[in-house]
Amino acid sequence: MKLQKLLFVLTILTFLVAVIQPMALAAPPAQEAVACEQEVTVQADDWLSKIAEKVYGDVFAYPAIAEATNSKHSEDDSFTFIENADVIEPGWKLCLPSPADAETLLNRALAAPEVEETIAEPTGQEVGRLVLATTTSTYDSGLLDAILPDFESKYNADVEVIAVGTGQAIELGENGDADMILVHARSREDAFVDAGYGVNRQDVMYNDFVIVGPAADPAGVSGITDVAAALTQIAETQRPFISRGDDSGTHTKEQGLWQATSVPLTESASLKGGDKTFMRPEGEWYQSVGQGMGATLTVANEQLAYTLSDRATYLARKQEGLDLEILVEGDSRLFNPYGVIAVNPELHPSVNFAGAQAFIDWLTSVETQLVISQYGVDTFGMPLFVPDSAPWNAAK
């Protein structure tokens, strides 16, 4: 059963059944129980995506486990009610549906009614100029162009977007040259907040990383679900691999993935990270270009090379004629969460902190998260990002 794309959107589509219908002031219908092919107890090192990968061979099957467990909870409270699929605790009892039942859940979700678009109404708040430093993927994918007009209209705002790598976006925040940052490198985001540079970090959305390469796949990695094994095979065959090398969130992720292999690594300077260094494989087959995701994909395309890309930027570029194919996906280590953080006004009094707070509230609201959930569906048959804010998860 091909669950990959359908399971990727389950979180979003089930929302349309469970939340949008109640907006019409009707109580949501009781969930119909799903048979459990397996009953499992969460262990200390478990997370839903890991369990899904083990049981279904698909990391994106985890929303089906959450849906089935919540459905089972309605008739047997020994099963846990999962409020946030990203957070589970040892000892929780889970219901794992059969592949057939998982597909049934998806088909029900796909039958959900469409949601009518609403016209942005001004809030009366005057935000004015607001500087957003963000990763290139939110810009290259077209997401910001799709959602920002709503915020600007509602809040009488003028948002200036600076699309750079996550490392540079964080530096802009540290220097007070941005009012807020929207990035995807959680450990660096936490360090940014812990050091006092940022406040009010909020989860926004996630997608995943993929390894893409030429359709001929000379390294023979197509279908490998262990990303470390795939990278090791690329290194052993010395097929060209293009790295962003720009201290971005994608570059940070790539470094971590190489470190999970047994490939010999050497220290190298980051091309856009000042005096920062990073660990990279040895050999001329590995090229660091110091460019954003879109440009890196172009270089990889021209050289028939492999690279690591976020799925959203890849799909957007694929529409523009990119020849590279997705060859490796589904490993839980390829998850790609995004967070938004306001720059600390106590450190930089000149920042537009009130505007940044309004932006964060708007970005994480159910209404904006719904727009995010639909972005890309018409073109690609799946969303480019999955909403993951606290209000969105609470509404589910």
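1. Start with helix α13. Its residues R311, A312, T313, Y314, L315, A316 and R317 are buried. The helix spans residues 311-318, and 7 of its 8 residues are buried, so α13 counts as mostly covered. Keep in mind that this is a predicted model.

2. Next, look at strand β13, residues 335-343. This strand is also mostly covered: 8 of its 9 residues are buried. Which strands pair with β13? Strand β5 (residues 180-183) is joined to β13 by 4 bridges, and strand β6 (residues 198-213) is joined to β13 by 8 bridges.

3. Now the directions. β5 and β13 run antiparallel. β6 and β13 run antiparallel too. You can find one residue pair for each pairing. I181 has I341 of β13 as its bridge partner. D203 stands opposite G339 in β13.

4. Turn to two helices that pack together. Helix α7 covers residues 143-155, and helix α14 covers residues 353-364. Their axes lie 11 Å apart, at an angle of about 125°. Are they oblique or roughly perpendicular? Angles of 65 to 115 degrees count as roughly perpendicular, and those over 145 as roughly antiparallel. The angle here falls in neither range, so α7 and α14 are oblique to each other. Their crossing is right-handed.

5. Which residues make this contact? From α7 come I147, L148, D150, F151 and Y155. From α14 come G355, A358, F359, W362 and L363. As background, an α-helix has 3.6 residues a turn, so residues three or four places apart point the same way.

6. Follow F151 from that contact. Leaving aside residues up to four places away in sequence, F151 touches V127, L130, N156, A157, V159, G355, A358, F359 and W362. F151 also belongs to the largest nonpolar core, which has 42 residues. The residues with the most contacts inside that core are F151, F359, L363 and F385.

7. There is another core, apart from the largest one. This other core has 22 residues, among them A219, I224, V227 and F278. In general, nonpolar side chains tend to be buried together in soluble globular proteins.

8. Finish with T368, in helix α15 (residues 366-374). Why is T368 called buried? Its relative accessible area is 4%, and buried means under 20%, so T368 qualifies. Not counting residues up to four places away in sequence, T368 touches W362 and L363. Both W362 and L363 also appear in the α14 side of the contact with α7.

Notes
Residues numbered from 1 in each chain as written. Predicted model: local features only at pLDDT ≥ 70, side-chain atom pairs only at ≥ 80, totals over all residues. Heavy atoms only, no water. Core = buried A, V, L, I, M, F, W, Y, C linked by side-chain atoms within 4.5 Å. Buried < 20%, exposed > 50% of the residue type's maximum accessible area, 1.4 Å probe, protein only. Contact = heavy atoms within 4.5 Å. Helix = DSSP H or I, 4+ residues; strand = E, 2+ residues; numbered from the N terminus. Pairing = 2+ DSSP bridges. Axes fitted to C-alpha atoms, helices over the stretch in contact; angles between N-to-C directions. Parallel < 35°, antiparallel > 145°, perpendicular 65-115°, else oblique. Left-handed = near helix turned anticlockwise from the far one by under 90°.
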